[in-house]
Amino acid sequence: NLTRCRLPLNQPLRIPRALQSSHLSSKMAARRVLGNLTADTTAFFLCDMQERFRPAIRFFPEILQIGQRLVEASKILDIPLIVTEQYPKGLGSTVSELDVSSAKVVVPKTKFSMVVPEVEAVLKDLPGLRSVVLFGIEAHVCVQQTVLDLLARDLEVHVIADATSSRSQMDRVFAFDRLRQAGAVLTTSESTLLQLVADKNHPKFKEIQGLIKVSGPDSGLVPKM
């Protein structure tokens, strides 16, 4: 009798644990990020590398050196570069060592995330965009909030760990952990650049090789041997 199978209206439906686990596994599989990169579907985001941050950010000279490589690589590979500056009236402009003259936009902002209207307008002009390579400061504030906003727009985000930092190493490390859990790819500059060329016979390989010929500096991410 079907009437005997009816649940009382105030009784919640209980889903067997096996089905719950299966559902969660399917969701996790659907969110799995392979992290493939191609130059024609990628944009570089440079977050708030400004003059007033220079004395306060841990390993600033080291991440700046890697940032220079990435900015230069964006020119070599013709990858759109998007730059923001957090409250430049008080915090200064992008540091002079970074030549951002080729950037699509250099946007002043007060919002912590880079995803402000001017940046969203650029994203709309990049219809084939699938991936964002993100670097800058601070890892646990502007970078973190940018990552979450971009992931919410179904973009893959690759955070360049050796070009991203905070005032506190603890904030930096915990931000990286949170971003990894959220679905971002935490990686290094050399790995990313070689993935973008993908082949020794790539016409720009020699130029990219020149950028990474000397290993990048230590920026406190691994214990010293």
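Which elements make a right-handed β-α-β unit with β4? Helix α5 (residues 139–152) and β5 do, together with β4. This is a predicted model, with a mean pLDDT of 90 for the protein. Below is a quick tour of the strands around β4 and β5, followed by a helix pair and a word on confidence.

**Strand β4**
- Strand β4 covers residues 131–137, and 7 of its 7 residues are buried, so the rest of the structure largely encloses it.
- Ser131, Val133, Phe135 and Ile137 point one way from β4, while Val132, Leu134 and Gly136 point the other way.
- On one side of the pairing list is strand β1 (residues 42–47), which runs parallel to β4 and is joined to it by 6 bridges.
- In that β1 pairing, Cys47 stands opposite Gly136 of β4.

**Strand β5 and its partners**
- β5 spans residues 156–165, and 9 of its 10 residues are buried, so this strand too is largely enclosed by the rest of the structure.
- β4 and β5 run parallel, with 6 bridges joining them.
- Two residue pairs help you find your way along that pairing: Val132 sits opposite Val157 in β5, and Ile137 has Ser165 of β5 as its bridge partner.
- β5 also pairs in the parallel sense with strand β6 (residues 185–187), this time over 3 bridges.
- For that pairing, look for Ile160 opposite Thr187 in β6.

**Crossovers**
- Going from β4 through α5 to β5 gives a right-handed β-α-β unit.
- β5 then takes part in another right-handed β-α-β unit, with helix α6 (residues 169–182) and β6.

**Helices α7 and α8**
- Helix α7 (residues 189–197) and helix α8 (residues 205–212) have axes that come within 10 Å and cross at roughly 175 degrees.
- Angles over 145 degrees count as roughly antiparallel, and therefore that is how α7 and α8 lie relative to each other.
- On the α7 side, the contact is made by Glu190, Leu193, Leu194 and Val197; on the α8 side, Phe205, Ile208 and Ile212 make it.

**Where the confidence drops**
- 85% of the residues reach a pLDDT of 70 or more.
- Residues 18–30 are another story: pLDDT stays under 50 there, and the model has 1 contact beyond four places in sequence for this stretch.

Terms used. Residues are numbered from 1 along each chain as its sequence is written. This is a predicted model: local features need pLDDT of at least 70, side-chain atom pairs count only at pLDDT 80 or more; totals for chains, interfaces and linings use all residues. Side-chain values use heavy atoms; hydrogens and water are left out. pLDDT is the predictor's confidence in each residue, from 0 to 100. Contact means heavy atoms within 4.5 Å. Buried means under 20% relative accessible area, exposed over 50%, partly exposed in between (1.4 Å probe, protein chains only). Helices (H or I, at least four residues) and strands (E, at least two) are DSSP runs, numbered from the N terminus. Two strands pair if DSSP finds at least two bridges between them. A crossover is right-handed if, with the strands pointing away from the viewer, the path from the first strand over the helix to the second runs clockwise. Axes are lines fitted to C-alpha atoms, for helices over the stretch in contact, and angles run from 0 to 180 degrees between N-to-C directions. Angles under 35 degrees count as roughly parallel, over 145 as roughly antiparallel, 65 to 115 as roughly perpendicular and the rest as oblique.
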